[in-house]
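Here is a short, friendly tour of one model. Please have the viewer open as you read, and we will begin with a single residue.

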Amino acid sequence: MHDGIQSQLVDAASSVIQSGWFVNGEAVTAFESEWSKFLGTDCCVGVNSGLDALELSLRAAGIGNGDEVIVPSNTYIATALAATQVGAKPVFVEPVASTHLIDLEQIEGAITARTKAIVPVHLYGQAVNMQTVMALAKKHDLFVVEDNAQAHGAAWEGQLTGSFGHANATSFYPGKNLGALGDAGAVTTNDSELARQIKMLRNYGSEIKYHNEIIGYNKRLDEMQAAFLSVKLKHLEAWTVSRQAVADQYLSGLEGVGDVILPVTQPNATHVYHLFVIRTNYRDDLAKYLNEHGIGSLIHYPIPPHLQRCYTNLGHKKGDFPIAEELANTVLSLPIWPGMGQKQTDLVVDVITDFFNQV
Ligand SMILES: Cc1ncc(COP(=O)(O)O)c(C=O)c1O
């Protein structure tokens with residue numbers, strides 16, 4: 001994926017090395033303004049990772065001990081960990097199985113007097129209905145942090161994800177649609193005071209060197225990663241179109257094959273296919289068969305957060321979130337990357353079809 005842009009990345013690295021400035025400098029400021037311009041938000045704060053972006057968003061909003069934060073029951077662990085790290089309790093809400101996205105109709109049932117925030121996740125690259133989330137948040141006076149780690153460039157009713165929430169957290173982990181060459185993340189917001197707080201939190205609680213206003217952290221974005229991200233951002237739209245073309249090939253090629261359940265995109269959403277996730281009751285055997293034919297596949301995610309050992313303190317047990325558990329047992333992510341050719345997609349489709357002809 002970096003083949004065509006290798007020399008641009010090397011040039012970007014060289015100019016950072018020549019600048020002699022490696023943390024929180026011009027490259028970070030430049031990328032921050034490019035990312036907020038891309039999303040249409042007023043402010044952007046680059047940080048060290050997606051988890052940091054989520055955590056600092058919640059922390060800057062004053063969420064902490066004794067508070068509750070609503071998260072989907074089928075998300076990547078980081079969404080829940082961010083709540084835990086600020087001292088709050090993650091409260092899980094089941095997804096809609098067909099879209100894998102948080103079930104908006106179940107959110108109100110999970111709200112208590114302690115609820116302070118909702119963190120919707122645009123899982124696998126599909127936009128959550130953010131209009132409804134924001135309306136619910138307004139009604140119950142809740143803070144919204146979009147977890148946009150998997151959905152760079154996705155939109156709900158034409159507006160990009162990462163621009164609806166009071167704060168929007170993203171990851172630029174290398175495998176993401178816009179990935180750095182190491183860890184990186186960012187928060188976008190239209191609230192300049194919130195952005196100022198997050199800027200201080202990421203930098204030892206300081207705005208002016210050696211003057212520390214609040215208890216802060218070191219969660220800054222490196223210059224090198226910001227410079228790489230600026231190079232790669234220019235290609236994001238083309239890469240998205242390419243991913244969507246691969247997904248269309250899978251959607252038509254796998255229609256009606258075996259018991260495969262294909263991902264469903266809501267009418268007002270776009271899907272940028274960070275992952276192309278199918279479901280089948282033969283998941284493990286199919287993954288093995290694909291592997292025997294030289295095709296890698298992955299499971300996102302095999303254990304839902306409420307059943308992770310780190311969350312035994314929450315007191316959940318098997319059966320508490322049956323949809324998340326069912327998804328964890330049946331989901332399989334097929335290979336997808338920008339530039340994956342029709343031949344490669346056809347091969348995956350053919351091997352899956354062969355598998356189901358034999359079961
Ligand atoms: C949905 C989601 N949220 C949060 C994260 C955390 O991002 P990071 O790995 O950059 O901390 C990731 C990715 O890793 C993710 O997929």
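Setting aside neighbours within four places in sequence, Asp259 is in contact (C-beta atoms, placed from the backbone, within 7 Å) with Thr280, Asn281 and Tyr282. This is a predicted model, in which local features need pLDDT of at least 70, side-chain atom pairs count only at pLDDT 80 or more, and totals for chains, interfaces and linings use all residues. Residues are numbered from 1 along each chain as its sequence is written.

Where does Asp259 sit? Its place is in the loop between helix H9 (236-253) and strand E12 (276-279); helices (H or I, at least four residues) and strands (E, at least two) are DSSP runs, numbered from the N terminus. Along the sequence, Asp259 and Thr280 are 21 residues apart, yet their C-alpha atoms are 5.8 Å apart in space. Asp259 counts as partly exposed because it has 13 C-beta neighbours inside 10 Å. On this scale, a residue with 20 or more other C-beta atoms within 10 Å of its own is buried, one with 12 or fewer is exposed, and partly exposed lies in between, with C-beta atoms placed from the backbone.

Now for the strands. Strand E2 (residues 68-72) pairs with E3 in the parallel sense over five bridges, where pairing requires that DSSP finds at least two bridges between the strands. One of the partnerships joins Glu68 to Lys89 in E3. From E2 the chain passes through H4 to E3 in a right-handed β-α-β crossover, that is, with the strands pointing away from the viewer, the path from the first strand over the helix to the second runs clockwise. Strand E3 (residues 89-93) has four of its five residues buried.

The domain bounds come from an automatic or database domain assignment, which gives domain 1 (3-233) and domain 2 (237-358). Their centres, taken over C-alpha atoms, are 25 Å apart. In all, 29 residues of domain 1 are in contact with 25 residues of domain 2. On the domain 1 side, H4, E3 and strand E6 (155-156) each supply at least two residues.

The ligand shell has contributions of at least two residues each from helix H3 (50-60) and helix H4 (77-85). Of the 15 residues around the ligand, Ser49, Gly50, Ala78, Ala149 and Ser171 come nearest.

The table gives both sets of residues by class: Ala, Val, Leu, Ile, Met, Phe, Trp, Tyr, Cys and Pro count as nonpolar, Asp, Glu, Lys and Arg as charged, and the others, Gly among them, as polar.

| Set of residues | Nonpolar | Polar | Charged |
|---|---|---|---|
| Shell around the ligand | six residues | seven residues | two residues |
| Side of domain 1 that touches domain 2 | 13 residues | 13 residues | three residues |

How values were computed
Near = placed C-beta within 6 Å. Contact = placed C-beta atoms within 7 Å.
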